[in-house]
Structure formats: C-alpha cells, structure tokens
Amino acid sequence: FFNYSGRWETVNTTEKKAHWLKPYFEFQIKDAKDFLVLTTGDNYEVFVDGTSVVHSNYISGSGKVFTVPTTGTHVIRIMSTSNSTPFTFKGIQTKGNICRGEDRELYCMFIGDSLTESGYSYAFEIPNRLYDKIDCVRIARSGCALVDGRGYYPIPSGLPARREGISKAFLNYQDPFEVTSRTSYVFDGEKVPDIITVSLGTNDALNAKETDQEFIDTHVAFVKFLNKLYPNADIYILQPV
C-alpha cells in the first residue's frame, strides 16, 4: 500500500525504520474521516495533499490520529524529521480505503553535506517546485566530508572517534549521527535513481588542500561506484565551494 522514497530499513518483517535525511512514504486514502498513524517515536510530519497537518488526537500507546478535510481521495505523505533519532513506522488504521501512492516521473538522489542538508538547498527546492514530477532520496549530513577522518560534525557518544565520510556512510542504512551499530544497506529492490547529484569536498578542503590526492582518488572511486551501481542514471558533480 505504501510508496517509499529514501532510505527505509525493514524491521520485524512489516515495520519500516526511517534513515538519513527526511525519507518519506505516500499512500492514497479514500472515503475516510481520519486515520491513525502507528509508530515508534514521534519524529515525523504528516501532509495531506501537500499541506502539513497536525494530529487531532493522541492515543496513548498507539499513535496519532489525523483528520482529512473532506471525503473523497487524498494523498497522504509521512516524512521523517530527524536524522539522528528516526522513527519506525508500524502501520495505518482507518475505516476508509487505502491504496498505493503513485510513482512520479523521476526519482532523484541528492548526495552531499550541509549545502545539501539545508532545508533551503537544491535538494529541497527542486522536489518542492516539481512536487508532482519528482520523488527523491537525500544522503546528506552537515559537516560530513567525503573521506573518512575529515569533516566537522560532532561525534555522538558511543560512536568511533574517527569521523565517517560519505563514501563509507553511503553503504549503511544509518547516517553518522545515529548512535547504533551500522547496518549494511540492501541495494537490491530499492528504487533506482534517474538523476544523481554529488556535492562533496567543501569539508575535505578545510582539512587539506582541495587537490589532495586522497580526496581525488576517493572522489573518482565513489563516482565510478555510483556509475556501476546505477548505470542508467545521469550523474551531476557539483564543484566544491
């Protein structure tokens, strides 16, 4: 029933845990007055037909109830709001009918640091302006470098002292801020991107010269890896600033 975009880890067969930057899922609901969202954790936002809504009731131990403006068919989007403390989606309860949300024309992958993570960045402006045409996955973290051991994000307690670069973190469900053991991402069965943007190097350049050979070698290897993984995707490399 649910059309997932972004990084979602299957937990206990039926439950899905959100990872990285604002992953979301959509579905359509018909002839319902309201619906109950069942989750572990409250770090999510609900949109009805593209408009953010607040819950009308909270059922202790179960979840939040959201109302729809009218009867008929509505598109519901539920989006994660926290990289470091993600929520787990457990299900929807409603007296209405639920069907799968439609796939959009393009699926885009945005990879980067704070210039990508910012809510005012291209990674949000493009999907917002082309809301009916684009779905996306965002792999980005403020202060993160491409190369391991670089960058400027604070290291949460419980994680290794050496900062993880995007080139390695990309391979995991969890972003570098999650204080959990790393779980290797399962690429099989995922949505395949049509367009990929890579905006990395700013935080590497602050640690070493931009022409540093380790950065060059890692960047070339990472782009080649993406090209092999997604051979039909157009890949755009943004110049570090």
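In the predicted model, the lining of the second largest pocket is made up of 8 nonpolar, 3 polar and 4 charged residues. This pocket encloses about 230 Å³ of space. Its lining comprises 15 residues, and those nearest the centre are Arg77, Met79, Phe124, Asn128 and Arg138. Two or more lining residues are contributed by each of strand 2 (15-30), strand 4 (44-48), strand 8 (73-80), helix 2 (122-129) and strand 12 (134-140).

Strand 12, one of the elements lining the second largest pocket, is mostly covered, with 7 of its 7 residues buried. In a regular strand, side chains alternate between the two faces of the sheet. In strand 12, Ile134, Cys136, Arg138 and Ala140 point one way, while Asp135, Val137 and Ile139 point the other way. Residues of both sets are buried. Arg138 therefore counts as buried, since buried means under 20% relative accessible area. Arg138 is also among the residues nearest the centre of the second largest pocket.

Strand 12 belongs to an open sheet of 4 strands, arranged in the order 12-11-13-14 with parallel pairing. Strand 12 and strand 14 (234-237) are the edge strands, each of which pairs on one side only. From one strand to the next, the twist averages 15°. Strand 11 and strand 12 are paired in the parallel sense over 7 bridges. Within this pairing, phenylalanine 110 stands opposite arginine 138 in strand 12. Strand 11 also runs parallel to strand 13 (residues 195-199), to which it is joined by 5 bridges. Here the bridge partner of glycine 112 is serine 199 in strand 13.

Two helices lie across strands of this sheet. Helix 2 lies across strand 11, strand 12 and strand 13, and runs at about 170° to strand 12. Helix 5 (residues 213-229) lies across strand 11, strand 13 and strand 14, and runs at about 160° to strand 14. Strand 11 and strand 13 are thus crossed by helix 2 and also by helix 5. Helix 2 additionally gives two or more residues to the lining of the second largest pocket.

Cysteine 108 is placed in strand 11. Cysteine 108 counts as buried because its relative accessibility is 4%, and the cut-off for buried is under 20%. When residues up to four places away in sequence are not counted, cysteine 108 touches Ile134, Asp135, Cys136, Val137 and Ile195. Of these contacts, Ile134, Asp135, Cys136 and Val137 are residues of strand 12. Cysteine 108 and glutamate 178 are 70 residues apart along the chain, and their C-alpha atoms are separated by 24 Å.

The largest pocket has a volume of about 340 Å³. It is lined by 20 residues, of which Trp8, Tyr185, Gly189, Glu190 and Lys191 are the closest to its centre. The elements that give two or more residues to this lining are strand 1 (3-11) and strand 11 (106-112). Strand 1 provides the largest share, with 7 residues. By class, the lining of the largest pocket consists of 9 nonpolar, 5 polar and 6 charged residues. Strand 11 therefore appears in this lining, as an element defined by a DSSP run, and is also paired with strand 12 in the open sheet.

Technical notes:
Residues are numbered from 1 along each chain as its sequence is written. This is a predicted model: local features need pLDDT of at least 70, side-chain atom pairs count only at pLDDT 80 or more; totals for chains, interfaces and linings use all residues. Side-chain values use heavy atoms; hydrogens and water are left out. On a 1 Å grid over the protein atoms alone, a cavity is a set of points where a 1.4 Å probe fits but cannot get out, and a pocket is an open set with protein on both sides within 12 Å along at least five of seven lines; lining residues have an atom within 4 Å of a point. Grid points are joined across faces, edges and corners, and a volume is the space filled by probe spheres set on the points. Ala, Val, Leu, Ile, Met, Phe, Trp, Tyr, Cys and Pro count as nonpolar, Asp, Glu, Lys and Arg as charged, and the others, Gly among them, as polar. Buried means under 20% relative accessible area, exposed over 50%, partly exposed in between (1.4 Å probe, protein chains only). Two strands pair if DSSP finds at least two bridges between them. Axes are lines fitted to C-alpha atoms, for helices over the stretch in contact, and angles run from 0 to 180 degrees between N-to-C directions. Contact means heavy atoms within 4.5 Å.
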